[in-house]
Amino acid sequence: MMCRRMLPFATARVLLSCLVAAQTPAAPQSAGVDRLTFEVASIKQNKSGSTSGGANAQPGGRVTVRNTTLYDLVRNGQGLREIVAGERLPSWIITDRWDIEAKGPEQASQPQLRTMLQNLLLDRFKLVTRRETRDVPVYALVLSRADRRLGPQLRQSTADCAALAAAAGARQCGRDVGPGLIAAVGTTLPDFARGLSQNTGRFVMDATGLTGRFDIDLKWTPDQVIGGAGAQSDGTSLFAAIQEQLGLRLEARQAPINVLVVESAERPAED
């Protein structure tokens, strides 16, 4: 996934997913390889009272996080998997918000910065986690029409992603995301489905059976997404937009999902 139109500190979940490449967690480090950490890092609690926040990876290995909960940091940094609260998990994980300024090596790659951020959370917040498989509520992205006809805003992509990436100034394959907007070029439906997890509150899996790459232009009225409720008179819900614009729908199911159980955490010493 590529994030080209990063609006500084606009939406925490959107921007963090860009920073940490949410589809796939960083691979474990091999034995004998130095543990990846930032050269310097500062963490302070944000008490502004604002609900807007975000993250940004800057040139020179710099990472900035603004006004973001530990819950969002962990959830997005671990690949959009479900988080399950352990018995010792404090309630402030979803209420306290944090600012982070960190500096890694100038040539650090995005996967390396992702691993550094994960290690920073483990070290400074004293996170204790484990993974297990549980049956949890999910959404399956399925075809909505018996004739398998797609909606007008879902088209088989003709984009040559490699050529676009090589052309200076050209639009590359990937996704633009914002409040009530997902615009994708050359994306797969499994990637698109996982991205919807940011908006639905549940893990979304692709069950369309469609292969290849697609161009998608999806628009809806924000804040009308949880639970599949119908649209209000002033807009269109995400669930309705997916059906009307893409010819798909979200079907509620139970499925075994690899979840992250967060057992405990501690507030860090601020610096």
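Let me begin with a parallel pair: strand S6, residues 128–143, and strand S10 are joined by three bridges and run parallel. Within that pairing, Ala 140 has Met 205 of S10 as its bridge partner. Please bear in mind throughout that this is a predicted model.

These two strands belong to an open sheet of four, ordered S4-S12-S6-S10, in which the pairing is mixed. Which strands stand at the edges here? They are S4, residues 83–85, and S10, residues 204–206; each has a single partner strand, so one side of each is left without a neighbour in the sheet. Direction ignored, neighbouring strands of this sheet are turned by 40° against each other on average.

Two helices pack on this sheet. Helix H5 touches S6, S10 and strand S12, the last covering 248–264, and the direction of H5 makes about 165° with that of S10. Helix H6 touches S6 and S12, and its direction makes about 135° with that of S12.

I turn now to the other sheet. Four strands form this open sheet in the order S7-S11-S9-S8, and the pairing is antiparallel. Its edges are occupied by strand S7, 154–156, and strand S8, 174–178; each of them has a single partner strand, so one side of each lacks a neighbour in the sheet. On average, and with direction ignored, neighbouring strands of this sheet are turned by 5° against each other.

Inside this sheet, strand S9, residues 181–187, pairs with strand S11, residues 214–219, in the antiparallel sense over five bridges. One residue pair to look at is Ile 182, whose bridge partner in S11 is Leu 218.

The helices H5 and H6 appear here again. H5, residues 189–200, lies across S7, S8, S9 and S11 and runs at about 160° to S9. H6, residues 238–246, lies across S7 and S11, running at about 135° to S11. H5 therefore touches strands of the S7-S11-S9-S8 sheet as well as S6, S10 and S12.

Let me stay with H5 for a moment. How far apart are its end C-alpha atoms? They are 16 Å apart, which agrees with the 16 Å that its twelve residues should span at 1.5 Å a residue. Which residues of H5 are buried? They are Leu 189, Phe 192, Ala 193, Gly 195, Leu 196, Ser 197, Gln 198 and Thr 200. Just after the helix, Gly 201 takes a positive phi of about 80°.

Methods: Residues are numbered from 1 along each chain as its sequence is written. This is a predicted model: local features need pLDDT of at least 70, side-chain atom pairs count only at pLDDT 80 or more; totals for chains, interfaces and linings use all residues. Side-chain values use heavy atoms; hydrogens and water are left out. Two strands pair if DSSP finds at least two bridges between them. Axes are lines fitted to C-alpha atoms, for helices over the stretch in contact, and angles run from 0 to 180 degrees between N-to-C directions. Contact means heavy atoms within 4.5 Å. The expected span of a helix is 1.5 Å times one less than its number of residues. Buried means under 20% relative accessible area, exposed over 50%, partly exposed in between (1.4 Å probe, protein chains only).
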